[in-house]
Amino acid sequence: MTIYNFCAGPAMLPTAVMRKAQQEFCDYQGLGVSVMELSHRSSDYMAVAERAEQDLRELMGIPDNYAVLFLHGGARGQFSAIPMNLLGQGKALYLETGQWSVAAAEEAEKYGEIDRLDLRCESQTLDLSRIPDTAGYTYVHYCPNETVDGVAMFEIPEVQAPLVADLSSCILGRELDVSRFALLYAGAQKNIGPAGLTLVIVRRDLLGHADPKCPAILDYTLAAQHDSMYNTPPTFAWYLAGEVFQWLKQQGGVAEMAARNRAKANKLYDFIDGSDFYQNRVAPGHRSEMNVTFQLHDAQLDQRFLAEAEASGLKALKGHRMVGGMRASIYNAMPEAGVDALVRFMDEFARTHAEAGRA
Ligand SMILES: Cc1ncc(COP(=O)(O)O)c(C=O)c1O
């Protein structure tokens, strides 16, 4: 039976990447050691690190005036690092669109003055017209893809201040004009590679302003000065991320992934919308292409749905504990066949349990 893993993160990785990693696990390119046994300062490892950065720059079209940092600490680490590096005595605006942007704002409040603006409206839409003139802010933070809620903000908000975005669950999933941003960041464990690596893409003119109390390992300036090797970087995760970048290039790059992701998401949403057994409550213009949340009309069938899905090889469909219901995370590595299998299963489950679960 083919297994499809719909986990929101750590998420499935491309099978081809894992097979390659498996092949060279104990003996990286004839060196007789694993890549994770190499010194991060060895020329062999430096080549791995540099290629990964170059490939990411190419894939995302990252201009030269941006530093690309390969860090520890996850996206939550950046919730603290961002205000400590950028805020100074200023004030930042945090746009709230779901669980993660709220968490980012709550963490930032520890370090300075933060205004919070909730863009969520009834009927699960976002009201971008609420965004005020932001000229006085040191930066504006938002999260284009809310992993828990399955809510996306596809349009880049029009702001007058430097814009910071948490791309943890949508990086490399569709094209993005990096030059519109001051700083982008993402935990790796969804669309990049294994957990333990965090990417930060920061415009170089913003470096050099860290709070004197900023821990050295969260200081972007030190990280940039040391090519992300101020301390020992997460070498194996960095290597695997590099392999994912190579795979993405072979697939046709971000534009190709975006087309595939749109097709996968549309297929799933179309099925849900056409069913009286399942529903998705997010307004159509804000439905995530990465994390498709849905509910059974009869929540009493939830456990059964999950157990039968698992038995059919469809793993990790349980929604986040904060929102309940179901969630299918369909990042770059999820093939369309996985979505087809899920739709087939959902259709069959609905037929079998139609009497109990119909609205
Ligand atoms: C959008 C978003 N931001 C932040 C985080 C937190 O990431 P981490 O666990 O790497 O700290 C997550 C994790 O799921 C996320 O989806």
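In which helix is Lys264 found? Lys264 sits in helix α7, and that helix makes a good starting point for a walk through this predicted model.

**Lys264 and the pairing of α7 with α9**

Lys264 is buried, because 25 other C-beta atoms lie within 10 Å and 20 are enough to count as buried. Leaving aside residues up to four places away in sequence, Lys264 touches Ile330, Met334, Glu336 and Val339. For Ile330, the sequence separation from Lys264 is 66 residues, while the two C-alpha atoms are 7.7 Å apart in space.

Two of these partners, Glu336 and Val339, also appear in the contact between α7 and α9. On the α7 side, the contact uses Arg260, Ala263, Lys264, Lys267, Leu268 and Phe271. On the α9 side, Glu336, Val339, Leu342, Val343 and Met346 meet them. The axes of α7 and α9 (residues 336–352) come within 10 Å and cross at roughly 5 degrees, which means that α7 is roughly parallel to α9. By class, the residues of this contact are seven nonpolar, no polar and four charged.

Leu342 of α9 also leads us to Ser312, which is 30 residues away in sequence and 9.3 Å away in space, C-alpha to C-alpha. Ser312 lies in the loop between α8 (302–311) and β15 (314–315). With 18 C-beta neighbours inside 10 Å, Ser312 counts as partly exposed.

**Helix α6 and its turn into α7**

Now for the helix on the other side of Gly252. Helix α6 covers residues 235–251, 17 in number, and reaches 24 Å from its first C-alpha to its last, close to the 24 Å expected at 1.5 Å a residue. Its buried residues include Trp238, Tyr239, Leu240, Glu243, Phe245 and Leu248. The buried residues of α6 pack against α1 (15–23), α2 (43–60), β2 (66–71) and α7 (253–273).

After α6 comes Gly252, with a positive phi near 115 degrees. The packing angle between α6 and α7 is about 75 degrees, and their axes are 7 Å apart. That makes α6 roughly perpendicular to α7. In this contact, Leu248, Lys249 and Gln251 of α6 meet Gly253, Glu256 and Met257 of α7. Those residues divide into two nonpolar, two polar and two charged.

**Backbone points worth a look**

Most residues other than glycine have a negative phi, and most peptide bonds are trans. Here are some places to check against that background.

| Site | Backbone value | Location |
|---|---|---|
| Gly9 to Pro10 | cis, omega near -5 degrees | Pro10: loop between β1 (4–5) and α1 |
| Leu172 | phi about 65 degrees | loop between β10 (163–166) and β11 (183–187) |
| Ser228 | phi near 65 degrees | loop between α5 (220–225) and α6 |

Leu172 counts as buried, with 25 C-beta neighbours inside 10 Å. Ser228 is buried too, with 24 other C-beta atoms within 10 Å.

**Around the ligand**

Gly9, from the cis bond to Pro10, returns among the residues around the ligand. The others there are Gly74, Ala75, Arg76, Trp100, Cys143, Thr147, Asp166, Ser168, Ser169 and Gly187. Which helix gives the largest share of the shell? Helix α3 (residues 74–86) does, with three residues. By class, the shell has three nonpolar, six polar and two charged residues.

How values were computed:
Residues are numbered from 1 along each chain as its sequence is written. This is a predicted model: local features need pLDDT of at least 70, side-chain atom pairs count only at pLDDT 80 or more; totals for chains, interfaces and linings use all residues. Helices (H or I, at least four residues) and strands (E, at least two) are DSSP runs, numbered from the N terminus. The expected span of a helix is 1.5 Å times one less than its number of residues. A residue is buried if 20 or more other C-beta atoms lie within 10 Å of its own, exposed if 12 or fewer, and partly exposed in between; C-beta atoms are placed from the backbone. Two residues are in contact if their C-beta atoms, placed from the backbone, lie within 7 Å. Axes are lines fitted to C-alpha atoms, for helices over the stretch in contact, and angles run from 0 to 180 degrees between N-to-C directions. Angles under 35 degrees count as roughly parallel, over 145 as roughly antiparallel, 65 to 115 as roughly perpendicular and the rest as oblique. Ala, Val, Leu, Ile, Met, Phe, Trp, Tyr, Cys and Pro count as nonpolar, Asp, Glu, Lys and Arg as charged, and the others, Gly among them, as polar. A residue is near a molecule or strand if its C-beta atom, placed from the backbone, lies within 6 Å of it.
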